[in-house]
Amino acid sequence: NVDNAASDRDSIRCVTMAYFQDLGDVPDIIPTKYQTQVGGSHRYVLNLSKIFSRLYSEEGAAVPTYETLLYVKNNKPGLGECQADCDNDGECNGDLVCYQRGTTTTYVPGCDGVATGSNDYCYDPNYYTKASSMRYIVFVSDDDRLVNGVRSNGDVTFGNIEITTSLTSCLADEDISFSLDDCTTDNFLAAVQAKMEATAACANNSDPLLELFSLFDATEEMDVYNNIEKVCTGAYKLSGYDVYDKGTLGMDATTERQITAEYLDGGSVWNYADSNDDTATIERVASTIATSRLLAWPDHHALEHCDVGAAMCCSAVSRADPVANDPNAEVCYVDIKASKRTARVRDGYSIYTQDQANDVYCEAFAWGTDGGSIQSALKGNALFQAGFANMLDGSVEQIPGAPLCGCLDRMPVVTNAKCTQVTSTDSTVNVTFNKSLGVFDSSLDLGTISTSDCGNIVDHYKALEGGEDTPESLYVAGRVVGATGCA
């Protein structure tokens, strides 16, 4: 918990977990991949064994070694380190001590393995002083909320801290399969949990994140989420069609120019011709593959790293008579630095005055931050609808200094945008795990692709993110600001 995102809209601040590699003159702080933004919460999982083994190796230090728990018959007194079963210190060698762990504690200090039954083990009470031993796990909280000029008023809470000393998979020896209507991270984890609940070997395991942590041999929790996304997107790639870059719309046959790239930057005959005489290829895509194939996302600078999971197209001119897409927005400003490759100007702003009369037509679409979702898979189709099919209706020419279509951060701040949703409610991703290979695979049964008006883009995006105010949803609200939001 880090203050309240809804009240102060401070989406820049975040909490970062990190670990230290070298405490020299300048500490080498290695942050984890996920940063918890204001108002958010996140479950961090770190494979300390892998992390520290790598750090020890890089620094040339001795890698920690631990004796494995061992039950020894008829060797009392004289039990060695990490050996059982002892009843008192006198049954242990030398200065070793009998660790009376009870029936609920499964670890033994300084030993490797999971203790079971009622066995008690001999251990070295000074194990933590050995040069190769991990001595501390420290949680440091730096409260960095600026109040009255003082950065010491933040509210950060760490909770549910748990250390697992032996992480093993209960599904590694099973061939498993399941189908998902939408291959999101939450749905994937839920399906794995259902498999665990139906598998006898998983009787003592109930956490699908830790199960996948073991199967993927992960270092931190984001490795698991990234691998889930790779499994899901792997199914989509096999069903995708590269229509923009090398496919149907990539090259103008007459001029032999990369027409899609120029078009997205506001150029090409598609923007500046007096008619639609040169748009036969777009019409062909609109009537065929736009509703039957996944259109791959184009490789274009205005559409790279759409981290918030939303994009928009805005046109300043209509060549249709009568106008098919009436202007629906006013422009607040254009941040030229954000779109400098389109503008061919390094930096600057174009600031517009508002007169409550709409001047441009904008259409936005969103898929959210889960890259494995079906809406993410269909974002190339949504781009075609917002940026190419609309051009057939006469909407052309970008707002000066901005691309015709781009990630939301590269587009102008505007008062309004039509919300377009492209999805497929009857598609299925089939996921399998091959125990002999130890890998997941996936395939897609593509259903009907449908396009609809999703109302207000800000509300639609918020719904995609679970209906809560998040830094991402607040960012979207700061880009499509409403009739009075420019001031």
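Mentor: Quick definition first: a cavity is a set of points, on a 1 Å grid over the protein atoms alone, where a 1.4 Å probe fits but cannot get out, and its lining residues have an atom within 4 Å of a point. This is a predicted model, with local features needing pLDDT of at least 70 and side-chain atom pairs pLDDT 80 or more, while totals for chains, interfaces and linings use all residues. Residues are numbered from 1 along each chain as its sequence is written, and side-chain values use heavy atoms, leaving out hydrogens and water.

Trainee: So how many cavities of 30 Å³ or more does the structure hold?

Mentor: There are 2. The largest has a volume of about 60 Å³ and the second largest about 50 Å³, where a volume is the space filled by probe spheres set on the grid points, joined across faces, edges and corners.

Trainee: What makes up the lining of the largest cavity?

Mentor: Tyr 263, Cys 313, Cys 314, Ser 315, Tyr 361, Ala 386, Gly 387, Asn 390, Met 391, Ser 395 and Leu 404. Two elements give two or more residues each, β14 (310-315) and α11 (379-392), with α11 giving the most, 4 residues. Those labels are DSSP runs numbered from the N terminus: helices are H or I with at least four residues, strands E with at least two.

Trainee: What makes a lining residue count as nonpolar, polar or charged?

Mentor: Ala, Val, Leu, Ile, Met, Phe, Trp, Tyr, Cys and Pro are nonpolar, Asp, Glu, Lys and Arg charged, and the others, Gly among them, polar. On that scheme the largest cavity's lining splits into 7 nonpolar, 4 polar and no charged residues.

Trainee: And which residues line the second largest cavity?

Mentor: Phe 365, Ala 366, Trp 367, Gln 375, Leu 378, Lys 379, Ala 382, Thr 420, Gln 421 and Val 422. By class that's 6 nonpolar, 3 polar and 1 charged. β18 (361-366), α11 and β22 (418-423) each supply at least two of them, and β22 has the largest share, 3 residues.

Trainee: Over to α4 (208-215): why is this helix called mostly covered?

Mentor: Buried means under 20% relative accessible area with a 1.4 Å probe and protein chains only, and 7 of the 8 residues in α4 are buried, so the label fits. They are Pro 208, Leu 209, Leu 210, Glu 211, Leu 212, Phe 213 and Leu 215.

Trainee: What do those buried residues pack against?

Mentor: α3 (185-197), α5 (221-238), β23 (428-434) and β24 (439-445), with contact meaning heavy atoms within 4.5 Å.

Key
On a 1 Å grid over the protein atoms alone, a cavity is a set of points where a 1.4 Å probe fits but cannot get out, and a pocket is an open set with protein on both sides within 12 Å along at least five of seven lines; lining residues have an atom within 4 Å of a point. Buried means under 20% relative accessible area, exposed over 50%, partly exposed in between (1.4 Å probe, protein chains only).
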